[in-house]
Each structure stands twice: as structure tokens, then as C-alpha cells.
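Work through the exercises below with the model open beside you. Try each task before you read its solution.

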Amino acid sequence: MSDRTFRALTGGDSPRVKVIDIGANPIDADPPYAAMLRAGDAEVVGFEPNAAALDLLNTRKGPYERYFPHAVGDGRRHALHICQAPGMTSLLEPDPAVLGLFHGFPDWGRVLSTEPVDTVRLDDVPETAGADLLKLDIQGAELMVLRHAEARLRDVVVIQAEVEFLPLYKGQPLFSDMDIFLRERGFVLHRFFPAVSRAVQPMMVNADPYAGLGQLVWADAIFIRDFARPEALTDRQLMAMAAILHDCYAAYDIAFRLVAEHDRRRGTAHATAYLAGLQSPLPRAA
């Protein structure tokens, strides 16, 4: 599918996008920007305070990747809550009352120890300047990071952040808090990628503690610049946002609209080529 990348469909007239990945631990699937990174269409500045995960990232990294050991937050010292499941470790304290509603979580969220950790503000890390895509997965501290990244948010066009619908951690901001904060800064919700539900105890589905039912618990939410206000976007932001939406999230309709606006400003014809490329049949394998 390399011939269907945004760069290929627009004749190479797109910037290399810059990604900030906070909580870059590769414990799940590849990040959505992985194909762009492999193709040289993206560069990544990542943060991962877990030493073992950081070593793995540095062992695997390519020429367009840089990783730092910092915990990103508000620039202050916090207590890091080390949980039985590494994916539950957080700057916030797990809430046993909420975790107890679901199978497995009381064990996974059990705090084994706490240790002090110094955090850095994203705005204070010069390597993050000029980022286009911001990805956050840090177990409840996402809004803390954003509140101390006002300068970076002026450049960013797409944000992927884990959000919760129930407070798994004490005092944790929820999706509604994130949505209000980002709407006030010119972003709109694009979609969830994906949304995750769990069965509430004591019912269990097919003896599987991971199986969902009706209750939404968390999601990765994709926020994008308000495409109803293209005048608020620079020419570069139009093309960077279109590239991210095409290559990472298959949002071809919005990408097409952004490219058309770029054409209107610059007198180019990339939108016509982009749409034609999308509509053409894929070549058959040899």
C-alpha cells in the first residue's frame, strides 16, 4: 500500500511530520504513525521513564527517532505509583472503589510501591518545538501534560490521548474535561480509536475478564484542529494535518478538504491528484 501514502498521492509535496509520543512504551501494537516513520515521512520525539522500555526503544530506533527518559507533567515532583500491572503505573493513585467494579483491575491496579519522580513541562523541552502530532498514554496524567504545553499546542494539529469515562485513579480528569480544555484551544473531537468497554462485576462474559459489554471505561480519543475554520491553519499545518489523517487514521474525506484548501491558497492541483489516486484500483500483486 506504499503507493497510497499521502506523500505518494500528492506528488511528494508534504512535510515530514513531527510526532511527540509521551508514554512511548511499545507494550501494545505499533503506534498509528509507525508506517509514516518507516517511510521517512515522520520523525519522533518520545518520552519513556521506564528504563527497560526506554532501552528497548533505543535498541530498535531508526534515524528519525529520539527518546528521552523524562516523565512529562507539570514540572514538579510527584509520587509515581508502581502497580502490579506496568500498564497501570501512574502519577495518580488508583481508586480501589472504581477498580473493584471490574474483573482483574483490583489486582492489576494494586500499588506495590511509590517512588518520587521529577517531571518536565513539555514546553520546556526544546526538542519538542514544532510538533504536528501529539500522542499521550500516561494513565490519567494526560490533561496535566496539556495544561503545561500551551506553546506546543499552538503548532500541533492532531492529538491522540487516552481518556477515561470512569475515574480509575483518584482525582483523575475524565473525557469531558479533556474535551472542554481542547475545544477552548481550537480542537474538535474526530473519533475514538477505539473505545473500550468492560463487563461490570459480578457478571463475566465467556469467562473472559477482558471482555466488554455495555459500560465504556476508556478510549483513545483523536482530537483535530477545527476544520470548519481553515483560516486558523497555516499552509504547513493544512498539509501536515492532511498527511496524519490520511496515513494514521484513514480520514480521507477531511484530508481531501484540507488539500483542496491548500490548493486554493497556493494555486496547485494536489486535491485532484489525491482524489484520483484514492479512486484508482490497487495494482495486482506480481
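The exercises cover rings, cores, backbone angles, a sheet and cysteines.

This is a predicted model: local features need pLDDT of at least 70, side-chain atom pairs count only at pLDDT 80 or more, and totals for chains, interfaces and linings use all residues. Residues are numbered from 1 along each chain as its sequence is written, and side-chain values use heavy atoms, with hydrogens and water left out.

**Exercise 1. Ring pairs**

Find how the rings of F165 and F192 are arranged, and where the two residues sit.

Solution.
- Start with the rule. Rings of Phe, Tyr and Trp (its six-membered ring) pair if their centres lie within 6.5 Å; planes under 30 degrees apart are stacked, over 60 edge-to-face, and the rest tilted.
- Search the whole structure: 12 aromatic pairs turn up.
- Now take F165 and F192. Their ring centres are 5.6 Å apart and the planes stand at 90 degrees, so the pair is edge-to-face.
- Place them. F165 is in the loop between β8 (158-164) and α8 (175-183), while F192 is in strand β9 (residues 187-198). Helices (H or I, at least four residues) and strands (E, at least two) are DSSP runs, numbered from the N terminus.
- The two residues are 27 residues apart, so the pair links distant parts of the chain.
- Check exposure. Buried means under 20% relative accessible area, exposed over 50%, and partly exposed in between (1.4 Å probe, protein chains only).
- F165 is partly exposed at 23%. F192 is also partly exposed, at 29%.

Which residues do ring pairs link into a cluster? They are F102, F105, W108, Y210 and W218.

**Exercise 2. A charge over a ring**

Find which residue lies over the face of F181.

Solution.
- The test: NZ of Lys or CZ of Arg must be within 6 Å of the ring centre and within 35 degrees of the ring normal.
- R185 lies over the F181 ring, at 3.7 Å from its centre.

**Exercise 3. Nonpolar cores**

Describe the largest nonpolar core and the contacts of L245.

Solution.
- A nonpolar core is a set of buried Ala, Val, Leu, Ile, Met, Phe, Trp, Tyr and Cys residues joined through side-chain atoms within 4.5 Å.
- The largest has 37 residues, and V158 and L245 have the most contacts inside it.
- Helix α9 (residues 235-249) gives the largest share, 10 residues.
- Contact means heavy atoms within 4.5 Å. Leaving aside neighbours within four places in sequence, L245 is in contact with V158, I224, A250, A251, I254 and L258.
- A second, separate core has 35 residues, including V117, V156, V163 and F181.
- The background: in soluble globular proteins, nonpolar side chains tend to be buried together.

**Exercise 4. Backbone angles**

Locate two cis peptide bonds and two positive phi values outside glycine.

Solution.
- Know the norm. Most residues other than glycine have a negative phi, and most peptide bonds are trans.
- The bond from F193 to P194 is cis, with omega near -10 degrees. P194 is in strand β9.
- Q201 and P202 are also joined by a cis bond, with omega about 5 degrees. P202 is in the loop between β9 and β10 (215-225).
- Q139 has phi near 55 degrees. This residue lies in the loop between β7 (133-136) and α6 (142-147).
- A207 has phi of about 55 degrees. Its place is the loop between β9 and β10.

Are Q139 and A207 buried or exposed? Q139 counts as buried, at 13%. A207 is exposed, at 66%.

**Exercise 5. An open sheet**

Work out the strand order of the 3-stranded open sheet and name its edges.

Solution.
- Two strands pair if DSSP finds at least two bridges between them.
- The order is β4-β6-β5, with mixed pairing.
- β4 (71-72) and β5 (77-83) are the edge strands, since each pairs on one side only.
- β4 and β6 (residues 111-120) run parallel, joined by 2 bridges.
- A71 has T119 in β6 as its bridge partner.

**Exercise 6. Cysteines**

Count the disulfides, then check C83 and C248 for burial.

Solution.
- A disulfide here is a pair of cysteine sulfur atoms within 2.5 Å.
- The count is 0 disulfides.
- C83 is buried, at 4%. C248 is buried too, at 9%.
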